[in-house]
Amino acid sequence: MRTYENLYLDGAWVAPTVAAPPTPVHSAADGSVVATVPAGSPADIDAAVSAARRAFESWSQTTPAERAALLTAIADALEARADELAEITAVEVGMPRKLARRVQIGGPLTVLRSYADLLGTYEFTKEVNNSLVVKEPAGVVGAITPWNYPLNQVIAKVGPALAAGCTIVLKPSDEAPSPVFAFAEACQTAGLPAGVFNLVSGGDEVGKALASHADVDVVSFTGSTAAGSSVAQAAGRHINRVALELGGKSANVILDDADLEKAVTAGVNNAMLNSGQTCAAWTRMLVPASRHDEAVEIAQRALAKLTLGHPLEETTRLGPLASAEQQTRVRSYIEVGVAEGARLVAGGPEVPADVPEGGYYVQPTIFADVKPSMRIAREEIFGPVLSIMPYSDEEEAVAIANDTDYGLHGAVWSADSERALRVARRLRTGQVDVNGGAWNPLAPFGGYKKSGLGREYGEAGLDEYLEIKSIQR
């Protein structure tokens, strides 16, 4: 069992200010306690913010090349532990180890290295007529991250914040914190100056203290839309800048001329990634009504290949959910779908058979004939549940796709790439993949509507942590 007794403050591992029982971290696979982390307090947030404020003066004056070198050193330190981190993440989050190595560890390292590279070309200074327009570090960043992609969500915030010249106080989720503590260790190994990065674990009161702190300049939060609203209100008391990466209910629009086998199979795999614990998952599959039943058959075949089991088993393609709370939530939504009259074609609310006892497993589930008004089509479930929705024509498909409070991600499939691009432009969402377009770590990621404010990754992610100054000459 991993035991973390100290917080990372001002370049050192120190005991929490207030003595409190440690927080247990449970295995997603069997419910056993696999780690403990310290319970910080608002007093620890005060100490961390003070350290970050002191460090800001010197860190903000470092050159892009100096910051790039440290980002690379942090990435190297994490790379050296990649297999270990993949196993830790698999146990705490539930994603199968082999997939976690590529997605949960490899992806974030690509993002971190991309910011080191970007610092070699980014224009921090630009002449506009008689003005010198400069981009400067925004100050102290308060980052609050979730459990579903623990290392990725940290790097998506801390990477660009460090690249910009900001200092950071991070409050991670207590449900999958071990990869985040490993990140702090990597910062120390890399020689990041004291106070530039600080880690305070703890409950909701710690997050609230950070979001509402008067000496924080930027608050960056990833989580549910309801929690994001609370964070924005807390930060607004001090006119702090806020970046929010929130929920999604993304539509996978399969047009009538698309390769149905390819589009449906890709859609099922996307919706089930990380057992559906992905804000950008394509949880609504929109198919032509005339091909609805054919799409259902393809989806059933694709789902059957996703073997459910222990995340450390080599044969596992789909793991458990991250917590008992998630398990209860997702099973209740499946019951809602049945009660609403959606046609259950795979899975169901019952606990799956032949899985490790005590684990947080849910049957991967597909509903057919789902109507836009149903809760399972409107609310973020955050589990392995896919809704297949028929439409009559392209206009109705676009209307259904946009009929949501969210706007984070989506997809369009068509044999005509120009048609697909035209439909993609009509979707009110922050990202759209056309015909299976690959993930781009330099492309902006973020949402319209209640999916959030601001963007992560690439230049847009860096801009979130910069202020703009005009100097007239």
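Let's start at Val345. Leaving out residues up to four places away in sequence, Val345 touches Val296, Gln300, Ile366 and Ala368. This is a predicted model, so please hear every value as computed.

Where does Val345 sit? Val345 belongs to strand S15, residues 343-346. Is Val345 buried or exposed? Its relative accessibility is 17%, so Val345 counts as buried. The cut-off for buried is under 20%. Now look at Asp369. Val345 and Asp369 are 24 residues apart in sequence, and their C-alpha atoms are 9.9 Å apart in space.

One of the contacts of Val345 is Ile366. That takes us to the next strands. In strand S17, Ile366 has Leu386 as its bridge partner. Strand S16, residues 365-368, pairs with S17 in the parallel sense, over 3 bridges. S17 has another partner, strand S14, residues 284-288. S14 and S17 run parallel too, joined by 5 bridges. One pair to find on screen: Leu286 has Met389 in S17 as its bridge partner. How many residues of S17 are buried? The count is 6 of its 7 residues, so S17, residues 385-391, is mostly covered.

Just before that strand comes Phe382. Phe382 lies in the loop between helix H12 (375-378) and S17. The phi angle of Phe382 is near 65 degrees, a positive value in a residue other than glycine. Phe382 is buried, because its relative accessible area is 15%.

Who touches Phe382? One contact is Asn148. Asn148 sits in the loop between strand S8 (140-144) and helix H5 (150-164). Its relative accessibility is 3%, so Asn148 counts as buried. Setting aside neighbours within four places in sequence, Asn148 has contacts that include Val93, Gln104, Asn274, Gln277 and Thr278. Gln153, Cys279 and Phe382 are in contact with Asn148 as well.

Compare another loop residue, Asp10. Asp10 is found between strand S2 (7-9) and strand S3 (12-14). Asp10 has a positive phi as well, near 55 degrees, and is not a glycine. Is Asp10 buried or partly exposed? At 34% relative accessibility, Asp10 counts as partly exposed.

Next, two small stops on open sheets. Sheet one has 3 strands in the order S6-S7-S21, with antiparallel pairing. Its edge strands are S6 (125-128) and S21 (466-472), and each of these pairs on one side only. Ignoring direction, neighbouring strands in this sheet are turned by 25 degrees against each other on average. S6 pairs with strand S7, residues 131-137, over 4 antiparallel bridges. To find the pairing, look for Val128, which stands opposite Ser131 in S7.

The other sheet has 3 strands in the order S1-S5-S4. It is open, and its pairing is mixed. Which strands are at the edges? They are S1 (2-3) and S4 (23-26), each pairing on one side only. S1 and strand S5, residues 33-37, pair in the parallel sense over 2 bridges. Thr3 stands opposite Thr36 in S5.

Now a helix. In H7, residues 204-211, the buried residues are Val206, Gly207, Ala209, Leu210 and Ala211. What covers them? The cover includes helix H1 (42-59), S8, strand S9 (167-171), strand S11 (218-222) and helix H8 (225-236). You met S8 a moment ago, at one end of the Asn148 loop.

Last topic: empty space. Rolling a probe the size of a water molecule over the atoms shows where empty space is left. How many cavities of 30 Å³ or more does the structure hold? The structure holds 3. The largest has a volume of about 80 Å³. Among its 15 lining residues, Ala251, Arg284, Ala401, His409 and Thr429 are the closest to its centre. By class, that lining has 5 nonpolar, 7 polar and 3 charged residues.

The second largest cavity holds about 60 Å³ of space. It is lined by 13 residues, and the closest to its centre are Ala243, Leu453, Gly454, Arg455 and Glu456. Which strand gives the largest share of that lining? Strand S12, residues 241-245, gives it, with 3 residues. By class, the lining has 5 nonpolar, 3 polar and 5 charged residues.

That's the tour.

Notes: Residues are numbered from 1 along each chain as its sequence is written. This is a predicted model: local features need pLDDT of at least 70, side-chain atom pairs count only at pLDDT 80 or more; totals for chains, interfaces and linings use all residues. Side-chain values use heavy atoms; hydrogens and water are left out. On a 1 Å grid over the protein atoms alone, a cavity is a set of points where a 1.4 Å probe fits but cannot get out, and a pocket is an open set with protein on both sides within 12 Å along at least five of seven lines; lining residues have an atom within 4 Å of a point. Grid points are joined across faces, edges and corners, and a volume is the space filled by probe spheres set on the points. Ala, Val, Leu, Ile, Met, Phe, Trp, Tyr, Cys and Pro count as nonpolar, Asp, Glu, Lys and Arg as charged, and the others, Gly among them, as polar. Two strands pair if DSSP finds at least two bridges between them. Axes are lines fitted to C-alpha atoms, for helices over the stretch in contact, and angles run from 0 to 180 degrees between N-to-C directions. Buried means under 20% relative accessible area, exposed over 50%, partly exposed in between (1.4 Å probe, protein chains only). Contact means heavy atoms within 4.5 Å.
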